[in-house]
Amino acid sequence: LNFSFPTMLLATTTINTLPFDIFQMIITGCREEEGESFALASSHVCRVWRRHVLDMPLLWNRLEFATEAPKWEMLEVKLKRSGQAPLDIVLEEKVFLKSGMPHLRRIMQMIVPHIERWRLLRMEDVPHKIRRVLLDRLRGKAAPLLHRVEVVQGRKYDRTWGSRTKSTSRHWDARKVFDGAPNLRHLEWTTPEAEHCLLPPFRNLLTLKMGPGTLDIKAEQFIQLVFRILSAAPALQELSLSHGPDTDYDLENEDVEHLVQPPTIHSSLQLLHLSGLTNVRSVILRSLVLPKLRRLGGPLLDAEIDILCCKTLGKSNCTPNLQGIVITGSADGAQNRDPAPHSRMPSLPAAIMSFQSLFILVFRFVDFGGDKWLPNLGSCCPHLKSLMLLRCTGYTVKAIQTIVEARMESEEVESLGSLRINTGWGERAGAASDDEAAWFERVLKFNSRGVNLYEFDGYD
């Protein structure tokens, strides 16, 4: 505006004299910032504002059913004012707590006649029966605008809380629910309601999230499902799957080495978050070529791969854009397992050098054999900013200090910003002395404490 209008004109221009499209941009931005109540408040400012606001259907197109006593009249008004705009529909548990089926019937009377306008459908902690009834209404119906579906079950139903609601629809068939939604791009299906073989098709999805507790199946079935999804969804950019029951302690380690497949290329995937056992995740990654992959999930534990997988990925250079990686020296990433055989260790330094986009690198339970297999991080991984050694052995702090100094002096690689060396409770081998720790603290952010692998998710 400063370059388009004279200063004097800007000084005397009021919002009521702005063109409608500019007014609309301002009001829409304020609504996104302030929330749902802004549309109603702005319609009561003056007659001009009210006329403009009522002519903006996108201010009224979000219907939230999130209280025990919904304001039905206000919801009806919003539905009418939304005109023919796409509808965003949100249902939460509270609306069904005291009056489940009566409230469901009234909600369905409001929204089902407008299925062709649905853009977003989000159900959070909605009881299984009600969720199934509502989703069944989509069968055979055309929903051409439906872009995102989020069926979310929160932590209150986790087994660890002891109050999980048992599903009465374990064998409910979800395959044809979304047949009338050809433009569905984002699906979050974090409930245990449908078996993996009955899940809906994934053909046009950009993002898919399933879990926790959704895929309590054998490792072979899980691996087959991953490839089925990637094959059916060539444009998929984000895939997040939780393998096994709600708690990792119930997982059984299976022999999956024979399930490695010839490399399959998927050219779109950028995030692959596979929560479960490290050996299963590693077999899947060894069978894929993912040129755009950047991240391997959320918490550190869900990004672990074994040394054999690291060797395969490094040798084939099939994940050149990977920004964060956690390498474990245990067969399944558990601290009570023996380290990986030394026959695999010679491949580690060369493999690490191939990851040119790494931002953070974590080693866990790795035995570096007296610095022999410690990668020369002073001259590779040019964008590396964070290094962690968690419960590792066979390295010297002097070697780590040399890496830090080399990166500080080099013009071809970035200096490290943070370093974490944790040797475990009561262990001194590999721990930094007071003088070494003081030196590290002068040149970067240094930490010798452990890390919660289930919660620490800043690795990417």
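Q: Which residues does Phe65 touch, not counting residues up to four places away in sequence?
A: Let's start with a single side chain in this predicted model. Contact here means heavy atoms within 4.5 Å, and close sequence neighbours, up to four places away, are left out. That leaves Trp72, Leu75, Ile89, Val90, Leu91, Glu92, Val95, Ile107, Met110 and Ile111.

Q: Which residues touch the most other members of the largest nonpolar core?
A: This core has 117 residues, so there's plenty to pick from, and every one counts as buried, under 20% relative accessible area. Phe65, which we've just met, shares the top spot with one other residue. The pair is Phe65 and Phe440.

Q: Which helix gives the most residues to this core?
A: The chain has 13 helices, along with 16 strands. The top contributor covers residues 219-232 and supplies 8 residues. That's helix α8.

Q: At what angle do α8 and α9 pack?
A: Two packed helices are described by the angle between their axes and the distance between the axes. For α8 and α9 (residues 278-286), the axes are 11 Å apart. α8 passes α9 in a right-handed crossing. The angle is about 35°.

Q: How many residues of the contact of α8 with α9 are nonpolar?
A: On the α8 side you'll find Ala219, Phe222, Ile223, Val226 and Phe227. On the α9 side sit Val280, Val283 and Ile284. None is polar and none is charged, and the nonpolar count is 8.

Q: What percentage of the residues in the chain is buried?
A: Zooming out, the chain has 460 residues. It still exposes about 22400 Å², with carbon and sulfur atoms supplying 52% of that area. The buried share of the residues is 50%.

Note on methods:
Residues numbered from 1 in each chain as written. Predicted model: local features only at pLDDT ≥ 70, side-chain atom pairs only at ≥ 80, totals over all residues. Heavy atoms only, no water. Helix = DSSP H or I, 4+ residues; strand = E, 2+ residues; numbered from the N terminus. Buried < 20%, exposed > 50% of the residue type's maximum accessible area, 1.4 Å probe, protein only. Areas by Shrake-Rupley, 256 points an atom, 1.4 Å probe, with all protein chains shown as cover. Core = buried A, V, L, I, M, F, W, Y, C linked by side-chain atoms within 4.5 Å. Axes fitted to C-alpha atoms, helices over the stretch in contact; angles between N-to-C directions. Left-handed = near helix turned anticlockwise from the far one by under 90°. Nonpolar A, V, L, I, M, F, W, Y, C, P; charged D, E, K, R; others polar.
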